[in-house]
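Good morning, colleagues. Please take a moment to look at the structure on the screen before I begin.

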Amino acid sequence: MKNSIMGTALLVLLVFATLTYCLDARLQACRPSEKIRGIKPPPGQCNPENDSDCCKQGKTYTTYKCSPPVTGNTKAVLTLNSFQKGGDGGGPSECDNQYHSDDTPVVALSTGWYSGGDRCLNYITISANGRSVKAKVVDECDSTMGCDDEHDYQPPCPNNIVDASKAVWEALGIPKGDWGDYDITWSDA
């Protein structure tokens with residue numbers, strides 16, 4: 001009996017140690033990749049719609065090639081983006097080379113979650129404020145580059161961003177005064 005209890009305790013300890021090691025390894029796997037130095041946007045460049053940031057001359061920005069692991073309830077920060085032509089999202093969406101109405105629930109994901117386009121045109125479920133909404137992934141919120149013409153002279157995205165159209169914010173019932181950066185969870189639909 002004593003050996004059985006001791007054996008069970010050792011097994012539980014071994015499983016716990018293995019899980020802890022694996023979890024630690026996954027969390028540590030996503031570290032900053034490098035830094036880039038901001039440049040001042042030329043006149044008329046960098047659309048500040050939706051409180052978008054514009055790069056600042058000489059400021060250092062962190063880049064990432066990864067994002068935190070995706071779970072059934074992945075924590076993220078919801079940001080506001082216009083995917084319409086002329087909006088702060090810049091050019092057409094990466095996934096389909098199209099612009100999308102602000103009235104359509106669409107998102108861009110940070111580079112690691114975008115996963116080279118593996119989530120393109122698939123839906124994710126976003127939860128916040130006691131509500132959930134399904135949104136289509138149409139673009140990448142580039143965490144590896146920024147502060148250039150291709151990125152509308154905006155800084156690189158952090159590695160934990162779900163950049164969403166107004167339709168997503170409205171479906172979640174988030175008061176307009178809170179639009180900008182909002183803690184959410186998301187999962188593949």
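What percentage of the 189 residues in the protein chain do buried residues make up? The figure is 40%. I should state at the outset that this is a predicted model, and that the percentage just quoted was computed from it, with buried taken as under 20% relative accessible area. The accessible surface of the chain comes to about 10700 Å², and carbon and sulfur atoms account for 53% of that area.

Let me turn to the overall architecture. The protein chain has three helices and eight strands. Followed along the sequence, these elements give the pattern α-β-β-β-β-α-β-β-β-α-β.

How do the strands come together? Six strands close into a barrel, and their order is 3-7-4-6-5-8, with mixed pairing. On average, neighbouring strands of this sheet are turned by 45° against each other, direction ignored.

One pairing in the barrel deserves a closer look. Strand 5, residues 123-128, and strand 8, residues 181-188, run antiparallel and are joined by four bridges. Within that pairing, Ser 127 has Thr 185 of strand 8 as its bridge partner.

For those who think in terms of contact maps, there is one further figure for the chain. If we take the contacts between residues at least 6 apart in sequence, 73% of them join residues at least 24 apart.

I shall now consider two individual residues, beginning with Ser 165. Ser 165 is located in the loop between strand 7, residues 161-164, and helix 3, residues 166-171. Is Ser 165 buried or exposed? Its relative accessibility is 0%, and therefore Ser 165 counts as buried. Setting aside residues up to four places away in sequence, Ser 165 touches Leu 80, Asn 81, Phe 83, Asp 102, Thr 104, Pro 105 and Val 106.

The second residue is Ala 189, which is found in the segment after strand 8. Ala 189 has a relative accessible area of 56%, so this residue is exposed. Which residues does Ala 189 contact, leaving aside its neighbours within four places in sequence? They are Tyr 123, Ile 124, Thr 125 and Lys 134. Tyr 123, Ile 124 and Thr 125 fall within the residue range of strand 5, 123-128. A further relation concerns Gly 72: this residue and Ala 189 are 117 residues apart along the chain, and their C-alpha atoms are separated by 9.6 Å.

That concludes my presentation, and I thank you for your attention.

Note on methods. Residues are numbered from 1 along each chain as its sequence is written. This is a predicted model: local features need pLDDT of at least 70, side-chain atom pairs count only at pLDDT 80 or more; totals for chains, interfaces and linings use all residues. Side-chain values use heavy atoms; hydrogens and water are left out. Two strands pair if DSSP finds at least two bridges between them. Axes are lines fitted to C-alpha atoms, for helices over the stretch in contact, and angles run from 0 to 180 degrees between N-to-C directions. Buried means under 20% relative accessible area, exposed over 50%, partly exposed in between (1.4 Å probe, protein chains only). Contact means heavy atoms within 4.5 Å. Accessible areas come from the Shrake-Rupley method with a 1.4 Å probe; for residues, only the protein chains shown count as cover.
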